[in-house]
Amino acid sequence: TRSLRGEHPPEMESQRPPSTPQEYAALQGKLHELAGRAESLKQYAISLDMRRQGNREAVGGLRRNPPEEGKVWMSSGDIFLRFTCDRAVATIDKDSKDTGEEIEAARTEQKEIASEIERLQGASGGDARLFRDLKPVSREDMRFVNPGGVIE
């Protein structure tokens, strides 16, 4: 997996607002660059999520309707390969796992960039930082929230 990390601008030495037009322009340039990077990461994560969803659909189709001959054609870049159904499912599952890790890395970097933007803007931390690192509740944890065990 290739690195998603881009070059971050050097740390500002103080949180004071820019006092000259040149400092203001430099700050706005850094903010614009970071915002552009965050947007490109967002689009990258969306495209990876679409790929992961396509993988789910492919695996579901292969499991519901396995081919009679037991082999399937798969494309890998510009070439087509013939695999057994089981090997194709395993290959697609591995790709889905790797894609999920890339999505998480992109989202983590997005959060880091958002923090850097807040820092450069002199944000006080407020409510936005309280909710940034939330994780979804797992099914296992829902047992404690809903003791009946029914998840709606």
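These legends describe close-up views of a predicted model of one protein chain.

**View 1. The whole chain holds 4 helices and 2 strands.** Start at the N terminus and read along the chain. The order of elements is α-β-β-α-α-α. The chain has 152 residues, and 24% of them count as buried.

**View 2. Strands β1 and β2 run antiparallel.** Strand β1 covers residues 71-76, and strand β2 covers residues 79-84. How many bridges join β1 to β2? There are 6 bridges. Two pairs serve as landmarks here. Trp-73 has Arg-82 in β2 as its bridge partner. Ser-76 stands opposite Ile-79, which belongs to β2.

**View 3. A hairpin links β1 and β2.** Look at the turn. It leaves 2 residues between the strands. Gly-77 is in this turn. The phi of Gly-77 is positive, at about 70 degrees.

**View 4. Helix α2 spans the length expected for its residues.** The helix takes in residues 85-121, which makes 37 residues. What span should these residues give at 1.5 Å a residue? The expected span is 54 Å. In the model, the end C-alpha atoms of α2 are 53 Å apart, so the two values agree. Now move just past the helix. Gly-122 comes just after α2 and has a positive phi of about 80 degrees.

**View 5. Helices α1 and α2 cross at roughly 160 degrees.** Helix α1 is made up of residues 21-64. The axes of α1 and α2 come within 8 Å. Are the two helices roughly parallel or roughly antiparallel to each other? Angles over 145 degrees count as roughly antiparallel, so α1 and α2 are roughly antiparallel. Their crossing is left-handed. The residues of this contact include 21 nonpolar and 12 charged ones, along with 6 polar ones.

**View 6. Ala-114 is a residue of helix α2.** Is Ala-114 buried or partly exposed? Its relative accessible area is 29%. Buried means under 20%, and exposed means over 50%. Ala-114 is therefore partly exposed. Next, find Ala-35. Along the chain, Ala-114 and Ala-35 are 79 residues apart. In space, 8.2 Å separates the C-alpha atoms of Ala-114 and Ala-35.

Technical notes. Residues numbered from 1 in each chain as written. Predicted model: local features only at pLDDT ≥ 70, side-chain atom pairs only at ≥ 80, totals over all residues. Heavy atoms only, no water. Pairing = 2+ DSSP bridges. Expected span 1.5 Å × (residues − 1). Axes fitted to C-alpha atoms, helices over the stretch in contact; angles between N-to-C directions. Parallel < 35°, antiparallel > 145°, perpendicular 65-115°, else oblique. Left-handed = near helix turned anticlockwise from the far one by under 90°. Nonpolar A, V, L, I, M, F, W, Y, C, P; charged D, E, K, R; others polar. Buried < 20%, exposed > 50% of the residue type's maximum accessible area, 1.4 Å probe, protein only.
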